[in-house]
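Subject: Structure handover

Hi,

Here is the structure for you to look over. My notes follow below it.

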Amino acid sequence: IEFSDDEEQNLESIFKIGLMHAKRGKPQDAIFYFDKVLLVEPRHLNALIYKGNALGKLGKYEDAIAIYNKVLSVEPNHVICLLNKGLAFHYLKKYHEAITCYDAALSQSPEDANVLYHKACSLALENKTDEAILTLEKSITLDTQYVEKALGDMDFTNLRNDNRFKSLTS
């Protein structure tokens with residue numbers, strides 16, 4: 001579909017209103033505006049991604065995954081989308097599927113500390129202790145902010161007594 005400059009600007013204005021609602025913690029309102037954009041341009045990737053995020057904030061993880069799959073059908077290597085899809089699976093306690101998404105993201109961006117951190121969380125919950133610690137270590141090596149995060153993260157409860165975890169987070 002071809003749009004005039006005015007129509008394109010109007011569509012982007014509607015998208016930006018949705019973003020403002022998302023940033024203000026109003027996911028339901030954000031979805032309303034993203035849906036308006038998607039009604040006109042169903043393959044507006046940013047509107048799809050942010051709608052998926054908003055659905056996740058509402059705990060509608062299956063719906064979010066369906067949205068992320070639409071994006072990935074167009075851009076199969078979209079790292080943020082793969083990360084967010086992995087997070088949705090994680091919250092559904094489908095850790096194996098989450099890890100698969102994180103691995104796909106890491107194949108594109110192997111030094112992404114955030115993806116590595118979330119992969120370590122899912123590995124820990126799958127009781128893959130050695131792999132979880134190695135992955136967490138790589139994440140922390142790339143970005144030390146993950147030391148503090150790991151200390152308070154319930155996903156690592158089963159690793160708290162492991163000397164390697166203690167060493168990483170001390």
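First, a term: a residue is buried under 20% relative accessible area, exposed over 50%, and partly exposed in between. Lys60 has a relative accessible area of 37%, so this lysine is partly exposed. Keep in mind that the model is predicted.

**Lys60**

Lys60 sits in the loop between H3 and helix H4 (61-74). Along the sequence, Lys60 and Leu92 are 32 residues apart. In space, their C-alpha atoms are 9.7 Å apart.

**Overall build**

The protein has ten helices and zero strands. Read from the N terminus, the order of elements is α-α-α-α-α-α-α-α-α-α. Along the principal axes, the C-alpha atoms fill a box of roughly 60 × 30 × 25 Å. The chain counts 170 residues, and 44% of them are buried. Take the contacts between residues at least 6 apart in sequence: 45% of these join residues at least 24 apart.

**Surface and charge**

The exposed area is about 9400 Å². Carbon and sulfur atoms supply 51% of that area. The protein carries 20 positive and 25 negative charges. The mean positions of the two sets are 6 Å apart.

**Aromatic pairs**

How many aromatic pairs does the structure hold? The count is eight. One of them joins Phe34 and Tyr50. Their ring centres are 6.2 Å apart, with 35 degrees between the planes. That makes the pair tilted, because the class runs from 30 to 60 degrees. The two rings come from distant parts of the chain. Phe34 belongs to helix H2 (residues 27-40) and Tyr50 to helix H3 (residues 45-57), with their positions 16 residues apart in the numbering.

Are these two residues buried or exposed, or in between? Phe34 is buried, because its relative accessibility is 0%. Tyr50 is at 31%, so Tyr50 counts as partly exposed.

There is also a ring cluster: ring pairs link Tyr117, Tyr146, Phe156 and Phe165.

**Ser139**

Ser139 lies in helix H8 (residues 129-142). With 0% relative accessibility, Ser139 counts as buried. Which residues does Ser139 touch, leaving aside neighbours within four places in sequence? They are Ala113, Leu116, Tyr117 and Tyr146. Tyr117 and Tyr146 also belong to the ring cluster. Glu62 is 77 residues away from Ser139 along the chain. The C-alpha atoms of Ser139 and Glu62 are separated by 27 Å.

**Cysteines**

How many disulfides are there? The count is zero. Cys81 is in no disulfide. Its nearest cysteine sulfur is that of Cys101, 8.9 Å away. A disulfide needs two cysteine sulfur atoms within 2.5 Å, so that distance does not qualify. Cys81 is buried, with a relative accessibility of 0%.

Cys121 is in no disulfide either. For Cys121 too, the nearest cysteine sulfur is that of Cys101, here 15 Å away. Cys121 has a relative accessible area of 1%, so Cys121 is buried.

**Where to look**

When you open the model, start with the Phe34 and Tyr50 pair, which links H2 and H3. Then go to Ser139 in H8, and on to its contacts Tyr117 and Tyr146. Finish with Cys81 and Cys121, which are both buried.

Best wishes

Terms used:
Residues are numbered from 1 along each chain as its sequence is written. This is a predicted model: local features need pLDDT of at least 70, side-chain atom pairs count only at pLDDT 80 or more; totals for chains, interfaces and linings use all residues. Side-chain values use heavy atoms; hydrogens and water are left out. Helices (H or I, at least four residues) and strands (E, at least two) are DSSP runs, numbered from the N terminus. Buried means under 20% relative accessible area, exposed over 50%, partly exposed in between (1.4 Å probe, protein chains only). Contact means heavy atoms within 4.5 Å. Accessible areas come from the Shrake-Rupley method with a 1.4 Å probe; for residues, only the protein chains shown count as cover. Lys and Arg count as positive and Asp and Glu as negative; His and the chain ends are not counted. The place of a charge is taken as NZ of Lys, CZ of Arg, CG of Asp or CD of Glu. Rings of Phe, Tyr and Trp (its six-membered ring) pair if their centres lie within 6.5 Å; planes under 30 degrees apart count as stacked, over 60 as edge-to-face and the rest as tilted.
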